[in-house]
Structure formats: structure tokens, C-alpha cells
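Here is a short report for a reader meeting this structure for the first time. Keep the sequence and the 3D view open while reading.

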Amino acid sequence: MIPHGRRCLSTSSCLYGKILLRKKPRVVHEIAGVEPITYADRMHFVPGLARPKFPSWERGWKEPNHYQSPKLEDMPLYKDKPCYIFNQRTNVLEGVRQALWLSKSVLIKGLPAQIVTLAEDPANQIESQDETVQNAIKNSRLWDTTEHRPPRERFCSLLLNRLLHLCGGLQVSHPELAKRILAEKYSLAVTWRRGEDLFQVRGQNGLLLNSMTPLPVLAGQEQIQSTADQALETFYPIAPTIDLQKTHVYLENHDTGFRVDYPYPYAHTLFLMEMGNTPKLLPEQLCAKMVMFTFGNALARAQALYGKEPSVLEKPIVVQSVATNGRLFQFVVFQLNTTDLQSDSGVKNLVWVDEDQPLYEFAKVKPLIKKKVVQVPAGLSGYQPKTFQKFLALYLHGAA
Amino acid sequence: MSVNLLSFALRSLSLGCRTVSSQIASLPAASGVSAALTGRRSFTTSACDLQNQSLWKQRDKYSVRPIGVKKTGGRDYTGRIITHRIGGGHKQRYRTIDFQRLRYEPGKEEQPIVEKVVEVRYDPCRSADIALVAGGSRKRWIVATENMEAGDTIRTSSAIGRMAVLAKEGDSHPLGALPVGTLVNNLELYPGKGAQYIRAAGTCGVLLRKVNGTAIVQLPSKHQIQVLETCMVTVGKVSNVDHNKRVIGKAGRNRWLGIRPSSGLWQRKGGWAGRKIRPLPPMKSFINLPSVSAKS
């Protein structure tokens, strides 16, 4: 929307409507002790005399069509110390290592033991689980539209919603699953200090599953204390603040995204969908984004419960996360043990990452035929049941 | 009618009414662009064409993101062909290269810059390859040297000690700090201006000798130039060394590169044609004080 008074109507059509760059005004040098003689008294232009400088006129009230925002330094929220913000468009260069340094955590590959046993327990499964899941995949990829290749934005969200619906059907046998609710488009805001810099996680994350009861703690006290001996990985010469949005105008906000009297206060699982449009994330960077957002959610919850003072938590907070691009799933479980993130030493947080789990290999409408040999058949092929078992285990964790 | 237009335009310059816009755009009404921006009407001239032609490359802030290029086809703002044999070719996006290696991050001046090479890739806008390097909390594109690979660490320092530094390929030092005989590229003529010489694929200059405060470098054309010893230079040969050995193969490949065919008219060759064997021109020296604009 071009503001009033800034449209180029009198120039050629290729410049029509464009907001061109403003030319810098002519530099007027001021010589101390010498006043320029201007034509202000004569009330008309006189060649040879200087251009007078009049005081700028203030309208007195704010008109939106002619509003010029103040410079950064004059804004009320301007601070000298910069703040580095991680938002949903951030694509960190160093990936998971940078996310671990920012959240002061230690990485463990693979899911924790409790979730693995939940996944393999046959009592926790839906009846004819493989068939129903394959039906759900076919529904979202093959039977949704008459196009040959439905766009990723379409089938990714459809598939995730269908899988969540399947998992929710287990409420019959697990009544505690009813105490959960999904929420989307909520804005998270959390601030913390790390070293001498200020960091924030802001913005809309994705789909969040909230529950009335908190998740049980995964790692025992010995494991937590043993993390205090492990050193954080640095990546000199790259600074940990690379690729984060640096700003001087900010507000140190702490907001879980929900009101204080919300009946489902504990964040359970965050579902991120990676559709590859803004911006396209490699799996390493998607995991980093997941880690940062789960950490943000956990820290916001900790600050709401225990206040803003940095300290080691007696009851660690656990938040899970699942990210998918329609076929590959990444699972992250984050346990927040301490909010004392200023120094590099001491107890650290724990992150379990299980990445690149394919749910199926191919789901094609038309078979891929090369040189009269069928390379990939039509329909769903290469289904992996373990991925959905892990998905279900993460869903049931805390209620089973 | 032209007098009417002129008087109409100049009338808008009267002092009594527009005090806000007089602060903003102080240019006279002959330039149609800025006048129209502030809501004043005026007549069109070719000033807007001049500005629009290079608008795509006028950015204040450095960004690693590639920028769309507007092709000119060898034509200037009048529309006539100024340079022949340019036109067409594959679409290209320009990656802003930082030729000033010694650009400190705000807040970290006077420390040697250490950076890590993130990726080395092809650049459609030049013959050499470019490298994305990251150091501190900024990323930038530089011209890659011969054996640069992803994961390497490169240093840039402005210190000139009594002993010459052991030159490592890819590092950037002032000419006074390098031993005589090193192969160098991306040479600055004036300190702080940015590299202007020896940037093409596979080229390298040789540091011949150092003479009290200045250094003499031999360029790839065998010309010798004298520059101040504080000028920054990168060590090694520029990447893509086999660029001159490539075979175009067909006319179409030339067209993909944006090179149009030459005129087929037979023209008698004059004194400019043919190989010339003559002595080297005298050494050019660039050690007079640089102008104010070179520092910006």
C-alpha cells in the first residue's frame, strides 16, 4: 500500500507507483562564526543568496497517511545494548551446535529410554495401526485432489492433522488424553542472558499441544549433575550470535502466549511443519529451530512458574517437539534443568534428538517408469511403522 | 507552452507554503523524480532514466542474498548500443562481493580478522569462483583463491612487522608484511579502497621488491606498479585456474554467456591489429595521497 503523497504519477509507467530511493539532500556546510545570508527576508528566491532553513512543522496529531516514523535512536524502546532475536524465519549457520550453545544444553542422540519403551509396548497401539496410518497417508497424498502432485503446503498439514486425529482416538483407553488441547498461531516471547549478550525467542512457532499436567522428568538427578562436567562446544571463529536478528529497539518480554488462567497451562509437544517456502531449511537447521523453540517454550513456562531469577530448577521442565516436511520426521525432547544461563559452567539442559525418520519412501500418483522398467510403483511404498510408533509414544508420554 | 511548464514548476518552489517538503527534497524541479515524490508535479526529463538504470545495484546495506541483475544489452540511457556484442544470455543474480578484505566488524577494530570458509561456489558474474566466509557474527562473499575449500580458516591482519610473515594461501596481509616473491591477488591501489587489480580466474601478481614504504608488484600483464606498502593483498592465485583452457565448443555457448556475434562486415585492419613487440611502459606509481572519496 503506497502511502498518500509518495506515488510517482507524473513519470513513465514503468516507474508508476514505485517508491524510488530518496535522494540525499545537498550537503550544506556550516562555518562557525559566519552566518549565511539567506533570502528569507525578501520572501522570494534571489540567485546568489543561501537557501534558508526553516523550523520543521509539526502537525500536532498523528495522521497515518503522512506519518514518518522517528529514527531508531529516538524511539522510546531504544536501548544501547543490542538484543539478538531468534524468530521463525531464522536460519542459523551452525545448526544444532549453535542452538545447543544458545540454550546451554548437551546433546544425546536418540530418544530417551522411557519413550522407546512406550513405543514398543503393544498395549499402547491403535487397532490395525499400520493399516489406519497408511490410509491416512494415502488420504493426504493421493486421494485429496485430482492433481498429480498436490503441493507440499497442502499435504503436510493434512497429514499432520490426520495423524493427530488418529492418536486422539486413543482417549477411550487412556482417559488422561482428554486433558489436552491443540493451539496454533500463538506468539511466544522469552528473554535470557548468556555471557554478556541478551537473547530472545519471539514469534509464532507452530502447533502446540497443551496439557493440564506437566510432563514427567526424564533424566535422573545423577545424569543432570554429570552434565555439569561436560563442556559446551564452541565454533570459533564464528560467533554464536551469527544469523540472529540484531536489534536495539526491543522490549524484554516474557510471555508464554497464553493467559495466566488458561486451563491447559503446560506445553506438551510442539509440531513444526517445514514446507520449504520461507526459508527452505536443511534437516540440521530444522533441528536447530526445533531445539530453540522448545527451549523457548520451556523457559517461558519456567519463568512463569518460578519467576525471572536465574536458578537451577528442582523440578525440570520437559517439552517435546516433532517437525515434519510431509515425509521425514524429526523428534526432539528438551529438558530444562536450569535457568542460570549466564555462565558456561554448571548444570546444563538436556536435548534428545532423533532426526530423519522417514514415515514412507514414496507416495506417487503416477509410477516412475524409466526405460520401460517400473522404478517406483504408484501408491504408497516403503512404509516404516517405527516412525509412527515413536510419534504415538511422544503423544502418549505423560498420559500412559 | 514550455515557458508555462517552467513557470509552473518554479512556482512550486515558493517559500510560503511547503515548509515540510523543502526540508526533505532540496533539488530543483528539473529532476522529475524527487519532485513527484513530495507530491509536487513537474515535467519528465531523462534524469529518472539515468537513476533507474543502475537502481538495482544501489543498496546501502551489505547483504549475502543474491540480487537480481538488470541487463543493459550494451545500451545506455539514450537507448543506443555503446558496447557491441553484449546481449541475451542466461539470467544472473549478483552476489555482492566484499573486495575490502580488511573490513572490521563494528566494535572489533584493530584485531586480526579470522574467518571460516563456509562454501566455495561458481559466480555467474565473474570468471573466478567465490567463497562465502563467516567470522564473528557476519557473513560475506570474497573472491576465492586456488586451493580454498569449505572448512578452511583464513586470516586478515593489517600488522607490518620487521620480519616478513610466512604467507599462507588465502590469508590477506599488507604488502609490507609479505616476503618478496610471493604470488598475490586482489591488489588494492590505495589503502582502504578495495581490491581493483588481479581478480580474474587463475591470475596472480608477484611482489618484486619493497622500497622504503612502498612495494612494487608485477601484474599479470607484466606491467609493474608501485603502491604503498599498507595496501592489502591476498596471497595465492585466484581460483578456477583452468578457465583459459576451456573450449567454448559452439556458438550457442557464447550466446548463453551473453556474448552476441561480431559484425560480419569485412573491415581493413589498421595499425592497431597484429602482435606488437615493444618494451614495457615505465612503472606507474600510485603513491600520491589518495582523494577523500577513496576512503569511503
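## The seven-stranded sheet

Chain A of this predicted model holds an open sheet of seven strands. Their order is 2-11-10-9-8-6-3, and the pairing is mixed. Strand 2 and strand 3 (180-183) of chain A are the edge strands. Each of them pairs on one side only. From one strand to the next, the twist averages 20 degrees.

At one edge, strand 3 of chain A meets strand 6 (residues 207-211) of chain A. The two run antiparallel and are joined by four bridges. Here Leu182(A) has Leu209(A), in strand 6 of chain A, as its bridge partner.

## Strand 11 and its neighbours

Is strand 11 (residues 349-358) of chain A enclosed or open? Seven of its 10 residues are buried, so strand 11 of chain A is largely enclosed by the rest of the structure.

Strand 11 of chain A pairs with strand 2 (residues 105-109) of chain A in the parallel sense, over five bridges. In this pairing, Leu107(A) has Val351(A) as its bridge partner. Strand 11 of chain A also pairs with strand 10 (residues 328-338) of chain A. That pairing is antiparallel and spans seven bridges. There, Val333(A) is matched with Trp352(A), its bridge partner in strand 11 of chain A.

## Helices on the sheet

Helix 1 (residues 96-103) of chain A lies across strand 2, strand 10 and strand 11 of chain A. Helix 1 runs at about 135 degrees to strand 2 of chain A.

Helix 4 (residues 152-168) of chain A also packs on the sheet. Helix 4 touches strand 3, strand 6, strand 8 (266-273), strand 9 (312-324) and strand 10 of chain A. The direction of helix 4 makes about 145 degrees with that of strand 8 of chain A.

## Aromatic pairs

How many aromatic pairs does the structure hold? Over all chains there are 15. One of them joins Tyr84(A) and Phe199(A), with 5.8 Å centre to centre and 35 degrees between the planes. This pair is tilted. Tyr84(A) belongs to strand 1 (residues 78-86) of chain A and Phe199(A) to strand 5 (residues 197-204) of chain A. The pair thus links distant parts of the chain, 115 residues apart. Both Tyr84(A) and Phe199(A) are buried.

Trp192(A) and Phe295(A) also have paired rings. Their centres are 4.8 Å apart and their planes stand at 85 degrees, so this pair is edge-to-face. Trp192(A) lies in strand 4 (residues 187-194) of chain A, and Phe295(A) in helix 6 (residues 283-306) of chain A, so the pair ties together parts 103 residues apart in sequence. Trp192(A) and Phe295(A) are both buried. Ring pairs gather Tyr84(A), Trp192(A), Phe199(A), Phe295(A) and Phe334(A) into a cluster.

## Charges over rings

Lys62(A) lies over the face of Tyr67(A), 4.6 Å from the ring centre. Arg180(A) has its charged end over the ring of Tyr395(A), at 5.3 Å from the centre.

## Cysteines

How many disulfides are found over all chains? A search of the whole structure finds zero. Why does Cys204(B) form no bond with Cys231(B)? Cys231(B) holds the closest cysteine sulfur, but the sulfur of Cys204(B) is 18 Å from it, too far for a bond. Cys125(B) counts as partly exposed, because its relative accessibility is 31%.

Terms used:
Residues numbered from 1 in each chain as written. Chains lettered and ligands numbered in written order. Predicted model: local features only at pLDDT ≥ 70, side-chain atom pairs only at ≥ 80, totals over all residues. Heavy atoms only, no water. Buried < 20%, exposed > 50% of the residue type's maximum accessible area, 1.4 Å probe, protein only. Pairing = 2+ DSSP bridges. Phe/Tyr/Trp six-rings, centres within 6.5 Å; stacked < 30°, edge-to-face > 60°. Lys NZ or Arg CZ within 6 Å of the ring centre and 35° of its normal. Disulfide = S-S within 2.5 Å. Axes fitted to C-alpha atoms, helices over the stretch in contact; angles between N-to-C directions. Contact = heavy atoms within 4.5 Å.
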